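This report is meant for someone meeting the structure for the first time. Please keep the sequence and the view of the structure at hand while reading.

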Amino acid sequence: MTSEFQPPYVSLPALGASLKAAGFALLSAADVATWLSASPADLRALHQGWDALPPDAYLKDGGRYRSRRHSCFMVDGAQVRQVPHRAHWQPLEYNALHGGMQRWFEPMATDTVALPVWSRLLQRLGEAASALRGPQPWYTEAHVFRIDTTDGIGRPTPEGAHRDGVDLVAVFMVQRHGIKGGESRVFEANGPAGQRFTLREPWSLLLLDDSRVIHESTPIQPMDGEALGWRDTLVVTCRRGGFQGD
């Protein structure tokens, strides 16, 4: 039986230094709540945005296991504004499976975007990106994902280990329900070293310096072969200079 590796969480004061030193950093759910000044009620309200996600119509493997929404924002210090809805686009260099195509996903729910905790979340990620690259406006994409076991197996990263072509990637583990698997793996982009761990705490967080590391998550399977399981995540990327595809 494969051992499950625990996330190597860092303390909130050590977040910036750890991200710079290792190229990634993990925060526990408790520290994320402190970081976002978020109550349990705030986070429950935010999670409601995962209800009734539209299916991903662009999966080239023919799967039915992924549902999602996507919206884009500009984050400049304390200022957060949603930009007109646009396609998600990545070059083949970063996504060999789904790159090179405009993918028009349904936008995030208006009620979710209007929550004060949502603006605080984007502000904090902008601060983390500025600490890494220097203060500047951040072109920010938010992806609300549910991976489920409709097909018997769900693939969080069907493209495999990859970079996203941005500056900062944030992966929030929002909820796991009735599944096994879903191990996160982070590797040096230009070396052999890596880490593997399983995020289980709702609203725990993995931050990645996209220039230095590649990442993936292993497939999920149902704990009970007769019951549907799922893995809810929020992935937010911050990029300097413009959105990909501009």
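What follows describes a predicted model, beginning with the sheets and going on to the cores, the cysteines and the salt bridges.

## The seven-stranded sheet

Seven strands form an open sheet in the order 1-9-5-12-4-2-3, and their pairing is antiparallel. The two edges are held by strand 1, residues 24-27, and strand 3, residues 79-82, each of which pairs on one side only. From one strand to the next, the twist of this sheet averages 20°.

Strand 2, which covers residues 66-76, runs antiparallel to strand 3 and is joined to strand 3 by four bridges; one of the pairings here sets Asp76 against its bridge partner Gln79 in strand 3. Strand 2 is also joined to strand 4 by 10 bridges, again in the antiparallel sense, and Met74 stands opposite Tyr139 of strand 4. Strand 4, residues 138-148, is mostly covered, since 10 of its 11 residues are buried. Strand 4 further pairs over 10 antiparallel bridges with strand 12, residues 230-239, where Asp232 of strand 12 is the bridge partner of Arg146.

## The three-stranded sheet

Another open sheet has three strands in the order 8-7-10, likewise with antiparallel pairing. Its edge strands are strand 8, residues 194-197, and strand 10, residues 213-217, each pairing on one side only. Neighbouring strands of this sheet are turned against each other by 15° on average, with direction ignored.

Within this sheet, strand 7, residues 184-188, is joined to strand 10 by five bridges, and these two strands run antiparallel. Phe187 has Ile214 in strand 10 as its bridge partner.

## Nonpolar cores and helix 5

The largest nonpolar core has 39 residues, and the members that touch the most others are Trp118, Leu121, Leu125, Phe172, Trp203 and Leu234. Helix 5, residues 116-133, gives the most to this core, contributing eight residues. A second core, separate from this one, has 14 residues, including Leu26, Val166, Met173 and Leu199.

Once neighbours within four places in sequence are left aside, the contacts of Leu234 include Trp50, Trp118, Leu121, His143, Phe172 and Trp203. Helix 5 also holds Ser130, a buried residue with a relative accessible area of 18%. With the sequence neighbours within four places again left aside, Ser130 is in contact with Pro135, Gln136 and Trp138.

## Cysteines without a disulfide

How many disulfides does the model contain? The count comes to zero. The closest cysteine sulfur to that of Cys72 belongs to Cys238 and lies 11 Å away, so the two are too far apart for a bond. Both residues are nonetheless out of reach of the surface by the accessibility figures: Cys72 is buried, with a relative accessible area of 3%, and Cys238 counts as buried at 1%.

## Salt bridges

The model has 13 salt bridges. In one of them Arg200 meets Glu4, with the closest N and O atoms 2.9 Å apart. This pair links distant parts of the chain, 196 residues apart, with Arg200 in the loop between strand 8 and strand 9 and Glu4 in the segment before helix 1. Arg200 counts as partly exposed at 42% relative accessibility, and Glu4 is partly exposed too, with a relative accessible area of 36%. Another salt bridge brings together the side chains of Arg64 and Asp151, at 2.8 Å from N to O. Arg64 lies in the loop between helix 3 and strand 2, while Asp151 lies in the loop between strand 4 and strand 5, 87 residues apart. Arg64 is exposed, with a relative accessible area of 57%, whereas Asp151 is partly exposed at 31%.

Arg196 and Glu183 also meet through their side chains in a salt bridge, at 3.1 Å from N to O. Arg196 is in strand 8 and Glu183 is in the loop between strand 6 and strand 7, 13 residues apart. Arg196 counts as partly exposed at 33% relative accessibility, whereas Glu183 counts as buried at 7%. Finally, salt bridges with shared partners join Arg133, Asp167, Asp209 and Arg240 into one network.

Key. Residues are numbered from 1 along each chain as its sequence is written. This is a predicted model: local features need pLDDT of at least 70, side-chain atom pairs count only at pLDDT 80 or more; totals for chains, interfaces and linings use all residues. Side-chain values use heavy atoms; hydrogens and water are left out. Two strands pair if DSSP finds at least two bridges between them. Axes are lines fitted to C-alpha atoms, for helices over the stretch in contact, and angles run from 0 to 180 degrees between N-to-C directions. Buried means under 20% relative accessible area, exposed over 50%, partly exposed in between (1.4 Å probe, protein chains only). A nonpolar core is a set of buried Ala, Val, Leu, Ile, Met, Phe, Trp, Tyr and Cys residues joined through side-chain atoms within 4.5 Å. Contact means heavy atoms within 4.5 Å. A disulfide is a pair of cysteine sulfur atoms within 2.5 Å. A salt bridge is a side-chain nitrogen of Lys or Arg within 4 Å of a carboxyl oxygen of Asp or Glu.
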